[in-house]
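I opened the file to go through a few spots at the bench computer. My notes follow, in the order I looked things up.

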Amino acid sequence: MSPSSTEKLEAHCKSPEATAEHIAASAEENWPTKDFGLIPIPKRLQYNPIKPFHFGIFLNVSFGFASTFIVANLYYCQPLLIEFSKSFDVTYEEVSRIPTLVQAGYLVGLLLISPLGDLVRRRQLVLLLVATSTTLTTGLAVTKNLRVFEILSFLIGVVNVAPQILMPLAADLAPPERRASALSIVFSGIVLGTLIARVLAGIIGNFTTWRAVYYMSISVQLLVLIGAYLMLPDYPSKNRDLTYFEILFSMAKYAVTEPLVMQVAIINIASSACFASFWVTLTFLLGGSPYYYSTYAHNIFSLKIGLFGLVGMLGVLVVPFSGRLIDRVVPWYATLIATSLLLVSQAVQTAAGGINVAAVVIACFALDVGRQAQQVSMTTRVLSISSAARARLNAIIILSLFTGQVIGTSAGTHVFVQHGWRACSLFMLALQVFQILVLLLRGPHCSRKRWFGYEGGLEARQRVVLEREKSRSGEGEK
């Protein structure tokens, strides 16, 4: 397309209430009717600026479903390491590299592929990523060579970033008044995938062979691929005036020059560190005094540790409802409430986590709900910075989450082993307080380029804020 058509499209994307002139001009463009220039796009899914595609709850849930079973590919290997060791006739230490390679590949994909969501058509990108992942998974299911398995695992990690394409796309398609709800459903799907993968792989691998897990994965991914072709609307590419390397450079620039992005990244690192530390050290806590749940292998008590995962799954199911509440308030307040809940849950764990199992259950549920609500509210805030840069902004958020997980896993384990459960919990409690302090540095309506302050008032109702913005934009057009 010509540069002028790009400007028309950007104007339309930035303002749903685009002028009649812009709409008429956009209608004259020849929007793509085929994927990859070969495969016809269903007529109802082709981009039409005059009749925008309706982003309803069914499509939103489909985004969440796809995210669940794409993310699951990153975690199927974790419960199967012993089976890998036996099948490839190698030591446990050798197969323990596989989860690391998958996560390393995912990190590469976040850095190099997910920013493409701001450069190319998202429908084509998602179809290509899912198709590639399905093909690579076929290789995992049939190979008998550990080195080939490791290389394929790394590549699967690289291409399994489709959910990080769907997240910004959901933000683009959803109206502003239900953007948090839309994001919460996709995010719930991502978290659910990490939980379901371990359960499915453990059960299937226990009763059949580990290869059956990957055959199952191939089937599910084919279902996702067909569903994406039949349901995913085509959305024009953004930033046609930028090159791939300029996109990567601008992502780094956003990370260090945008006050809100830096604030959210710092909070995200601390919060995900607390979350990772809690779950990593939970087994140590429940396996020791006074619980001893894991003293006897295959005993009913060892099962109880695994059941705490169900408490986390319950928290996942609550998140879409919290998303609807987040839509009603200014996201800053939602983040404050969620972070306060995290602080309270950590305080409960610090006070009685090593004394009464009820405290652990309460902390587990509250931590899960609070963490995910916090993530949704912060993502909603950051993605509102620029509609043209949502893929890059989302990548920064996920990278900060990854960083926090690494820190929390390492630091939490070290403190717990060296100083006990209460010292570890106190350390995480301090990080929760730190998050609130960082949040309070910038008020709910602080201007985009302001690092500190409370300009713009303290209005908490999102409806009132949106009405003010519409009023101002209307006055500006006059």
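**Surface patch.** I looked for nonpolar side chains on the surface of this predicted model. I found a nonpolar patch of about 400 Å², made by Phe36, Leu38, Ile39 and Leu128. I then checked Leu38. It sits in the loop between β1 (34-35) and β2 (39-40). Its relative accessible area is 68%, so I noted Leu38 as exposed.

**Cores.** Next I went inside. Which residues have the most contacts inside the largest nonpolar core? They are Phe63, Phe84 and Tyr214, in a core of 96 residues. Helix α10 (residues 179-207) gives the most to this core, contributing 10 residues. I listed what Tyr214 touches, leaving out residues up to four places away in sequence. The aromatic names on that list are Tyr76, Phe84 and Phe149. The others are Cys77, Leu80, Thr137, Leu140 and Ala141. Another core lies apart from the largest one. This other core has 14 residues, including Leu286, Tyr291, Val415 and Phe416.

**Gln435.** I wanted the surroundings of one glutamine. Gln435 is part of helix α18 (residues 421-439). Is Gln435 buried or exposed? It is buried, because its relative accessible area is 1% and the cut-off for buried is under 20%. Setting aside neighbours within four places in sequence, I found Gln435 in contact with Ile267, Ala270, Ser271 and Cys274. Thr339, Leu342 and Gln374 are also on its contact list.

**Cysteines.** I checked for disulfides. A disulfide is a covalent bond between the sulfur atoms of two cysteines. I needed a cut-off here: the sulfur atoms must be within 2.5 Å. By that rule I count zero disulfides. I looked at two cysteines for burial. Cys77, already listed as touched by Tyr214, is buried at 3% relative accessible area. Cys446 has 13% relative accessibility, so it also counts as buried.

**Positive phi.** Last, I looked at backbone angles in residues other than glycine. Asp89 has a positive phi, near 55°. I place Asp89 in the loop between α4 (81-88) and α5 (92-95). With a relative accessible area of 69%, Asp89 is exposed. Asn239 also has a positive phi, near 50°. I found Asn239 in the loop between α11 (210-231) and α12 (244-257). Which way does the burial call go for Asn239, buried or exposed? Asn239 counts as buried, because its relative accessibility is 7%.

Notes. Residues numbered from 1 in each chain as written. Predicted model: local features only at pLDDT ≥ 70, side-chain atom pairs only at ≥ 80, totals over all residues. Heavy atoms only, no water. Patch = residues over 30% accessible without salt bridge, like charges linked within 9 Å, V, L, I, M, F, W, Y side chains within 5 Å. Areas by Shrake-Rupley, 256 points an atom, 1.4 Å probe, with all protein chains shown as cover. Salt bridge = Lys/Arg side-chain N within 4 Å of Asp/Glu carboxyl O. Helix = DSSP H or I, 4+ residues; strand = E, 2+ residues; numbered from the N terminus. Buried < 20%, exposed > 50% of the residue type's maximum accessible area, 1.4 Å probe, protein only. Core = buried A, V, L, I, M, F, W, Y, C linked by side-chain atoms within 4.5 Å. Contact = heavy atoms within 4.5 Å.
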